[in-house]
Amino acid sequence: MAAGCGGSSSSSSGGSGGGGGGGGTVKVAAINWAEGPVKDLGDAENNGIQLAFDEQNAKGGVQGKKIVLKRYDEGYAADTFIPSARKAIADGNVALIGGQEVAACSAIVQVARTKNVPVIASVCGSAGKTMDGYDRSILMRVPGEGGLTALGQWIADQGYKKVQFIGADTAFDRLTIDMFKKVFQKKGGITFANPIFAPFSSANNRVQITKAVASKPDLLYMGIFGHDIVVNGVKDARAAGYKGPIVINEAAFLQPEADALGADGNNVYGSTGWVNDPSHESATAKKFATDFKAKFGTDAEWLAENGYTAGKALIAAMDLAKSTDPNKFGPELRKIKIQTVNGDPVTIGPDGNRIAKNWYLLKSTNGKIGLGATLPLTCQASC
């Protein structure tokens with residue numbers, strides 16, 4: 001991965017408190033993208049966690065203590081996210097929530113286990129790499145093996161014969177390629193070879209995208225993140241003459257990207273673990289979406305909901321333990337019984353990986369994002 005942000009930086013997001021919860025507060029660290037080209041995704045997750053904590057504090061906090069969130073930068077390489085995890089622990093945070101790339105989550109868990117600090121890995125996708133056998137950690141996102149298999153199956157079912165991958169050479173991109181290969185091999189008759197890699201931090205990958213279009217695919221898969229990177233990537237593909245379907249990396253193609261693309265966004269898809277769809281959402285989801293937008297000025301999407309649910313999970317573990325002591329609530333993380341804002345139960349498997357029912361496909365039509373399809377999660381960690 002290309003290093004996007006050097007060093008370890010942190011910023012307060014809700015006040016400061018005593019180490020380990022002393023003085024009527026309990027401190028929790030969020031480690032996510034706080035700077036750089038995909039800061040908007042980190043903001044969404046961080047704001048979701050903050051909203052969950054704000055709601056709990058309005059009810060009197062956890063075990064009578066105010067829960068305080070402090071943000072640390074994940075960055076885009078180990079020279080940022082490992083020091084950030086270490087600093088978060090040294091600062092007296094009783095738990096860590098975060099990690100938005102597979103390599104970061106695994107490293108954060110490894111750092112935390114040396115001090116027995118509980119971890120809720122938020123977005124990272126690999127079941128095999130994230131938990132690393134640490135029993136005080138859970139993965140809030142459905143393991144990527146499941147979501148990618150569901151997405152790959154949808155692609156195969158559409159009858160595409162040639163799929164071209166272009167993306168950054170990250171751990172998640174490698175996982176995407178591996179899972180797609182497994183699905184496509186079972187389906188048969190799909191050409192999927194020679195992935196094209198472009199710089200993660202580049203705002204314009206025109207040369208590589210032109211090369212991808214020149215391969216004449218039926219479907220173009222862009223494993224890219226960041227508003228400008230996504231918008232420029234789709235525009236470059238259209239400028240190169242590609243008029244076919246494009247699938248964008250999960251949680252990276254949402255309404256702001258559709259707004260910016262307009263008609264160029266037609267036949268562009270994204271995938272997500274939760275969708276704020278008025279046609280089937282629950283009353284709690286409507287309240288969550290309304291409260292989130294009122295507080296932060298942006299629409300709630302999957303990373304926001306995922307952060308919110310992670311915050312709720314941590315609170316639930318503290319309630320089960322009747323304590324904010326990490327040595328007491330850490331072992332309770334895998335026993336939590338909560339629901340998502342849509343009313344679906346959050347079930348944690350014995351290995352710490354979340355089990356869910358569905359993955360969701362988003363589609364843009366004339367600048368408007370809508371639910372394209374609900375994709376059953378036929379596999380979870382072992383696919």
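Select R174 and show its neighbours: leaving out residues up to four places away in sequence, R174 touches D169 and F197, where contact means heavy atoms within 4.5 Å. The model is predicted, so local features need pLDDT of at least 70 and side-chain atom pairs count only at pLDDT 80 or more, while totals for chains, interfaces and linings use all residues. Residues are numbered from 1 along each chain as its sequence is written, and side-chain values use heavy atoms, with hydrogens and water left out.

Remain at R174 and display its side chain together with that of D169: a polar contact of 2.8 Å joins the two. A polar contact is a pair of N or O atoms within 3.5 Å; within protein, one must be able to donate a hydrogen and the other to accept it, and residues adjacent in sequence count only if both atoms are side-chain atoms. R174 belongs to helix 6 (residues 171–187); helices (H or I, at least four residues) and strands (E, at least two) are DSSP runs numbered from the N terminus. R174 counts as partly exposed because its relative accessibility is 40%, the classes being buried under 20% relative accessible area, exposed over 50% and partly exposed in between (1.4 Å probe, protein chains only). Next, add G223, which is 49 residues from R174 along the chain; their C-alpha atoms are separated by 9.8 Å.

Move now to A304, in helix 11 (residues 302–321). Is A304 buried or exposed? At 0% relative accessibility, A304 counts as buried. Apart from neighbours within four places in sequence, A304 is in contact with A44, E45, G48, F288 and F292. The C-alpha atom of A304 lies 9.5 Å from that of W274, a residue 30 places away along the chain.

Select helix 1 (residues 39–58) next. Its end C-alpha atoms are 28 Å apart, which agrees with the 28 Å that its 20 residues should span at 1.5 Å a residue; the expected span is 1.5 Å times one less than the number of residues. Helix 1 is mostly covered, with 14 of its 20 residues buried. Just after helix 1, G60 takes a positive phi of about 110°.

From helix 1, turn to the largest pocket, which holds about 690 Å³ of space. Of its 30 lining residues, L254, Q255, D299, A300 and E301 are the closest to its centre. On a 1 Å grid over the protein atoms alone, a pocket is an open set of points with protein on both sides within 12 Å along at least five of seven lines, whereas a cavity is a set where a 1.4 Å probe fits but cannot get out; lining residues have an atom within 4 Å of a point. Grid points are joined across faces, edges and corners, and a volume is the space filled by probe spheres set on the points. Which helix gives the most to the lining of the largest pocket? Helix 1 does, with five residues. Helix 9 (255–261) and strand 16 (368–376) are also among the elements that each supply at least two.

Finally, locate the enclosed spaces: there are four cavities of 30 Å³ or more. About 120 Å³ lies in the largest cavity. Of the 15 residues lining the largest cavity, select W33, Q100, V123, F225 and E250, which lie nearest its centre.

Zoom out to the protein, which has 12 helices and 16 strands. Of its 383 residues, 58% count as buried.
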